[in-house]
Each structure stands twice: as C-alpha cells, then as structure tokens.
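I opened this entry to note what I looked up, beginning with how the chain is divided and moving on to the ligands.

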Amino acid sequence: GPRLILVLGDQLTADVAALRAARPGDVVVMAEVMAEGTYVPHHPQKIALILSAMRHFAEDLRAAGWQVAYSRLDEAENTQSIAGELIRRAAEVGAREVIATAPGDWRLRAALAECPIPVRMLPDDRFLCSEAEFAAWAEGRKQLRMEFFYREMRRRTGLMMEGEKPAGGQWNFDHDNRKPAKADLFRPRPPRFAPDAVTEEVLALVEARFGTHFGAARPFGWAVTRGEALAALDCFARASLPTFGDEQDAMLAGDPTLSHALISPYLNLGLLSPMEVCRRVEAEWQAGRVPINAAEGFIRQIIGWREFVRGIWALEGPGYTGRNALGHKRALPAVYWGGATRMACMGHAVGQTRDMAYAHHIQRLMVTGNFALLAGVDPAEVHEWYLSVYVDAFEWVEAPNTIGMSQFADGGVVGSKPYVSSGAYIDRMSDYCGTCHYRVKEKTGARACPFNLLYWHFLIRHRDRFAANPRMAQMYRTWDRMEEGHRARVLREAEGFLARLDAGETL
Ligand code: FAD
Ligand code: SF4
C-alpha cells in the first residue's frame, strides 16, 4: 500500500532524504500545526516565512506529479500536531508506514519515535558532514576546535584548495577581517521580495493567530521560494560579498545588515544548499571579483561553523539545552522583549530583531548574548529567546550557538573561553556608544557603561573556573593591578545595577 512521506517545514527541497526514498503511489504529508507554531513564541515573520515557503513548495511538488496531503493551520479537521496529522492521513489513505527525514529538533525526533504508526527516520544528508562522520572526527579528541574541523572540511570539499594546500597559503585570513565600518548611504541593501497572494494570506493568518508574539509581521520581505532565495544569493555574491570580510564584525545603528548575506533562513529551510552557496562564492573569488579574505571567511562560516555546531548538537543529545555550567539563574530582563532601555546597543539590537526578525552574528554574540552572560541570566531562558525571535532559528543551530558559544553553559564544548567584553569592544566595532545615555569610557559612577561594571563582576564571580585558563589570565592580572578601592567600587556598583535590573527598573 501507499506510505506517507513526511516533509517538515524546514525540509523544503526535492533532494531531502524522505522524498528520494519515495515510490510511486506514496503520499507526501505536509502539515501546518499549532504545536509547532507555539512551543516557543516564534516571531511572526518566522512563522509567516515557514508557512508561505511550505505552501509554495507543496505547489511545486504537485506540479511535479506528487500527491500531497497538505494540512492548513485553519482547517477544522487539523489535529494541530505532527503526530496527530500522520495518524489522520494514515487512516485516510490506508498507510501503515511513514518515511521521514530526521528533524533537527530533539522534541520532534521523540514525537516521531513515539508515534503509533511506525516511522522510518532517515538521516538528514543535506549537511556536508553526517552525524556519524562528526562523531568519528570527535572521537578521542580532548577538545573540539572548529578551526581543525574546518581544515578537514576544506580538504574534503576541495573548496579554495590548491592541491593539498589552502589557496593563498593560509587556512584563515581573519587578520584581514573584523574592521569597524562607516555609515554609507550607497552601501547595497539586501533584496526584499514583495509578498505574493500566498504570502499575503499567510500573513493575515499569522496576524490573527500569533498576533501576541513579540515582533512585527510586516513589512515582510523574505524570499519564500527557491527561485527568490537564489536571487537573494546572487545579489549577495555580486553586491555585498566583496566587503563581507571587512564588515563582518561591525555594527551601525543606521544599517542593520551591512555586508551580511541574510541567507541563513534559506539554507536552514532547504531552499538553498550549503555546497551551491559555497561554489558560488568560490567562483566569485576565482573570477577575481572578491578578495580572498571575504571568500574564505564566508566559506568558513558555512562549511566550518555551520557544520561544526550541527555536529555538536547531534553529539551532545537532547539534554544539551538544559545545560547551565555557570549556574546562572537570573530571569531574562524585560529589555529582550522590547522593554525600555537606555543602553543604545541593546536598544538597537533588540529593536531590529523586533522589526526584522534578524540581527547579525556580532549583535547576537557581543551585544545581547554578552549582556545576558555578564548579567548571569538563566541560559534556558536565553535559549528560548534566541529560538523564538530569529527568522533562521532552529534548535540544531540555535542551541549550540546560544548554550555553547554565547552563554558558555556547556562548560566549554563549543568555545574554549567565554565571549565576554566590556563596553570598549562595542565602542570599537560600532557607532552605538556616541548616542548612548551611558559613557563607555567611564568605569564607575552613575553613567558608567553597564558592560564595564558587569564584565568585572562576571570575571570575579567565576574566578575559580577561569583563572587557570591561559587565554584569560591576562584579564585577571589587569584586575589584580587595579587599586583596591576601585575594585570594591566596581563590584558594588555592578551589584547595584543587577539589583535594579531585577527590580524591573529602566536601565
Ligand atoms: P552571514 O554573516 O552573512 O554568514 C553567512 C552564513 O554563515 C549564514 O547564513 C549562516 O548560514 C552561516 N553561519 C555564520 N555563522 C554561523 C554560526 N555561528 N553557526 C551556524 N551558521 C553560521 N544561525 C542560524 O542559522 N540560526 C540560529 O538560530 C542562530 N542562532 C544564533 C544564536 C546566537 C546567540 C549566536 C551568537 C549566533 C547564532 N547564529 C544562528 C549564527 C549566526 O549569527 C547566523 O547564522 C547569522 O547571523 C545569519 O545571518 P546571515 O545569513 O546574514 O549571516
Ligand atoms: Fe552599549 Fe555601553 Fe556603548 Fe551604551 S556605552 S552603547 S551601554 S556599550
């Protein structure tokens, strides 16, 4: 008899394992369900993007001759969970087996494993490194370091390689990257795609059903088809890639996207594949249109970081999102959900997140992530926030970035030291501080930048853990050389700031 072929909302490619395993007569199941829309309060643009991309993809499948049983969110018969819809469709078509591609979310993997109809779960081979290959690479290593994993991936893919050697004689050109940026009215902007009728219908549905979630549904300009996603990649490769490396870590109040690609949602949904993206970037470099630091830096993000964090997520298993190595317990401050703040950097990072469901890596890591870590926020709450508010957020990539890289809650699996900084880093890389209520150069006093106070508070409260870390010893030496009265004042003022944060004051 027919089997059900499950295609989830982030598996939108004809190449996905379950579709490749299908036989004539099998029925494709796609389902919009409340359970997936509400397990965390996803940003309205994220929900709209997924639903619209699903509806477009279902049409493509039908046009290619597939039989698709598609459940719309507002259908009366919809059971509103993935397992419920599989049971309903199995009864309808007389199917006794489901073929699925493993979800990138432990909660859903468990739900499928417990489904009363047998589910055959195929590995998701859209990644360049399989879960098994990553586990083999990790086996026996004391520390997992992205840089070494990345070199293997360069060799394996042959990207930017000259025989056995990396192009340009170096694996990594980051010393040419990480510059501050200047406001530039003529800097190219990422393309926006006007909503078609399908997207408009989805937007109305999302506004009605998820209108209370943090974030604006409109203006909505994300690509919702493979064709549009390819156009977005093309624009990036032509216009922004040449300056990608230079501007990678910069932040500007008036320019939320700088030279970033904004393609993570398309990669994560399956509209673009990692290898095609890297081949395109490599070709731009080969044609002499972009510098080596830009092309190498970009390819490293995809075949290095993206694959590395996915491997860690798979290796660490379902308990990972509950890790809390530093024992942080503070509730997530209201500023993360749009509460008033006098900190310009936080206001800009959260504000653009609310408006666009997007912030680039350094905003996530060194502004909102840095603040949460310094303030000692419960990493589970931080994780839930990142998983909710970004258009590209799926557990397999969000959790290792948040729990691991940003909050050090895994105790050092993803990163060898915590990503923390005082206000000086933000000042160097952005134009935020100039308009801030706080003064980035002041170390103490009513107007002292909160990052300056909290930075030392963090280091001192975790001194036992970090003092022996050779990459952090210098910071402790700096602290120890400060005058004792000054040290006491910094810690006292940091305590005062945290107490006012807990009291819900506008800070
Ligand atoms: P660009 O800066 O243009 O980079 C190009 C591509 O490289 C991205 O599209 C992405 O696919 C990949 N990439 C870059 N850095 C990473 C990384 N650290 N991990 C995985 N892929 C990377 N990325 C997500 O896709 N989903 C998330 O939920 C997510 N959550 C994050 C949470 C925190 C706390 C932090 C610090 C980072 C997170 N990232 C996440 C990684 C990164 O911030 C985004 O991939 C990036 O900002 C996406 O925007 P872009 O396409 O413009 O990226
Ligand atoms: Fe952020 Fe401090 Fe700069 Fe204000 S002064 S923008 S709080 S880093």
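For the domains I relied on bounds that come from an automatic or database domain assignment. On that basis I read the chain as domain 1 (4-122), domain 2 (131-195 + 225-307) and domain 3 (334-502). I note that this is a predicted model, in which local features need pLDDT of at least 70 and side-chain atom pairs count only at pLDDT 80 or more, while totals for chains, interfaces and linings use all residues. Residues are numbered from 1 along each chain as its sequence is written, and chains are lettered from A and ligands numbered from 1 in the order in which they are written.

**Domain 2 against domain 3.** I found 26 Å between the centres of domain 2 and domain 3, taken over C-alpha atoms. Their contact takes 16 residues from domain 2 and 19 residues from domain 3, with two residues in contact if their C-beta atoms, placed from the backbone, lie within 7 Å. On the domain 2 side, helix α11 (residues 264-269) gives the most, three residues; helices here are DSSP runs (H or I, at least four residues), numbered from the N terminus.

**Ligand 1.** Which residues come closest to ligand 1? I listed His260, Ala261, Ser264, Gln301 and Glu398 as the closest of the 27 residues that surround ligand 1, a residue being near if its C-beta atom, placed from the backbone, lies within 6 Å. Domain 2 and domain 3 each supply at least three residues of this shell. Helices α11, α13 (292-316), α15 (361-375) and α17 (395-406) each give at least two, and the largest share, six residues, comes from α17.

**α13 and α17.** I then checked how these two helices meet, and their axes come within 8 Å and cross at roughly 85 degrees, the axes being lines fitted to C-alpha atoms over the stretch in contact, with angles running from 0 to 180 degrees between N-to-C directions. The pair is therefore roughly perpendicular, a term that covers 65 to 115 degrees. Among the residues making the contact are Arg306, Arg310 and Trp313 of α13 and Trp396, Pro400 and Asn401 of α17.

**Ligand 2.** Around ligand 2 I counted 14 residues, of which Cys345, Gly423, Cys433, Cys436 and Cys449 come nearest. Two or more residues of this shell come from each of α14 (344-356), α18 (423-429) and α19 (450-461), and α18 gives the most, with three residues.

Terms used: Angles under 35 degrees count as roughly parallel, over 145 as roughly antiparallel, 65 to 115 as roughly perpendicular and the rest as oblique.
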